[in-house]
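Colleague: I have the sequence and the model open side by side. Please take a close look at one part for me, and then walk me on from there at an easy pace.

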Amino acid sequence: MPTTTRPAPSPTYTAQDCRLEDLRAVLEARTDVTAYPHAQAVEQEVLLYRADRLREALGNGPEAAREVQAELARALSEGPGIVVLQGAFEHDVVDRVSDGFRTIIEEQRASGRVAGDHFARPGANDRVWNALEKLAVTDPEAFVDYYANDLVALAATAWLGPGYQVTSQVNVVNPGGAGQTVHRDYHLGFLGPEVSERYPRHVHLMSPMLTLQGAVAHVDMPVESGPTLYLPHSHRYEPGYVAYWLPEFQDYFREHHVQLPLAKGDAVFFNPALFHAAGTNHSTDIRRMANLLQISSAFGRAMERVDRRRVVEAVYPVLLSRQDAGMPTARLHDAIAASAEGYAFPADLDVEQPVDGMAPPSQADRVRAALAARLPVTELDSASDAASTGPLASAATEAATAAGPTTGGAA
């Protein structure tokens, strides 16, 4: 029988491989809400989920939680590449964290430091880099209550699995603040086209699997305030890390993007390869504040250097207090996942010897074990830095095993 052979894919992507008609073909896909049984609706090709319905599903046990995770992963990969979790955060918690962010912004201004931005001239907007660490030190109670969030953990685990790393950057786009040009995000999305072209095709396909992009609305964001612009399904256009730099693709995005209003407490998660851009704030009185979550795979390199020990030392007394007050263990573990290093490597294996497995306990494992043992904060340093031997190491290994499939919202 005669056979046909398909041409081999390009080993790398260059500008010559980027054709607008190919992107248009990808964008012809339509999202069928019936394929996503936990979703509330599809609006402008964006899947909308209600937080209360998701939490109800998560309460039906581990198997139901895995089904929700699989659905979100499918939405971010095969589907439109973006989901909105409506009402993911309680307003009072968001407001407390917003106050903490404003305190940090005022301290930056008072010190004369002006935070640079990806897209606006320094000082035009208000940007807080490494907001995760700064919030933990400024207001550890607000930090714990904010990041003890099952839906952030759900989305992160659905896309990245356990052991993920959370970083965050606050962006406040003031009235009149200009929007961005279209782009993709970290890793390859932060490289220029001449650099991206040097990476092989499989790296272009792998890069989106290493991070999850998220944003939490800290104020109501009507369209005139400039919430993020998206091009649903564009994450599946393979040469996109090179293409989005090209003028014809930028023009197409400007003409065909979608833009959804958000309410305070909504959380958006999207594939980092999705074409997107912050919008221009056309309002006269809305300071559009979003906490931008850059969540990294345990197997990737995070965007920011976070002093995890400093964060843990700041929030650990609050974890003890919340535990005494009855906060569920799963929610405490969600806050630990956002605070502590969840991956065991790199490690000095002469000192941090593996116990009952291939890897030693991670910092997060040790913090979970210390919390379970109700160690005082004065003993946390030795617990975090101790060699992986003795009772604490065994407890940490047990904590890691117990947290395995349920870490990140499956509980």
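**A lining and its surroundings**

Modeller: Happy to! Sorted by class, the residues lining the largest cavity are 8 nonpolar, 1 polar and no charged. Here Ala, Val, Leu, Ile, Met, Phe, Trp, Tyr, Cys and Pro count as nonpolar, Asp, Glu, Lys and Arg as charged, and the others, Gly among them, as polar. Please keep in mind that this is a predicted model, where local features need pLDDT of at least 70 and side-chain atom pairs count only at pLDDT 80 or more, while totals for chains, interfaces and linings use all residues. Residues are numbered from 1 along each chain as its sequence is written, and side-chain values use heavy atoms, with hydrogens and water left out.

The lining residues are Val46, Ile82, Val84, Pro227, Thr228, Tyr230, Leu260, Leu262 and Val268. They surround a volume of about 50 Å³. A cavity is a set of points, on a 1 Å grid over the protein atoms alone, where a 1.4 Å probe fits but cannot get out, and a lining residue has an atom within 4 Å of a point. Points are joined across faces, edges and corners, and the volume is the space filled by probe spheres set on them.

Searching the whole structure gives 2 cavities of 30 Å³ or more. The second largest has a volume of about 30 Å³, and Tyr147, Asn149, Val152, Ala153, Tyr164, Val166, Asp334 and Ala338 line it. Its lining has 6 nonpolar, 1 polar and 1 charged residues. Helix 7 (150-160) and helix 13 (329-339) each supply at least two of the lining residues. Helices (H or I, at least four residues) and strands (E, at least two) are DSSP runs, numbered from the N terminus.

Tyr147, which you just met in that second lining, also pairs with Phe143 in a tilted arrangement, 4.8 Å centre to centre with 45 degrees between the planes. Rings of Phe, Tyr and Trp (its six-membered ring) pair if their centres lie within 6.5 Å; planes under 30 degrees apart are stacked, over 60 edge-to-face, and the rest tilted. Because Phe143 and Tyr147 are 4 residues apart in helix 6 (residues 140-147), about one helical turn separates them. By this rule there are 9 aromatic pairs.

Now for the backbone. Going from Helix 13 to helix 14 (363-372), you pass through the loop that holds Pro346, and the peptide bond from Phe345 to Pro346 is cis, with omega near 0 degrees. Another cis bond runs from Tyr186 to His187, with omega near 15 degrees; His187 sits in the loop between strand 5 (165-173) and helix 8 (193-196). Lastly, Gln44 is not a glycine, yet has a positive phi of about 55 degrees. You will find Gln44 in the loop between strand 1 (41-43) and strand 2 (46-50).

Key. 1 Å grid on protein atoms, 1.4 Å probe; cavity = no way out; pocket = protein on both sides within 12 Å on 5 of 7 lines; lining within 4 Å.
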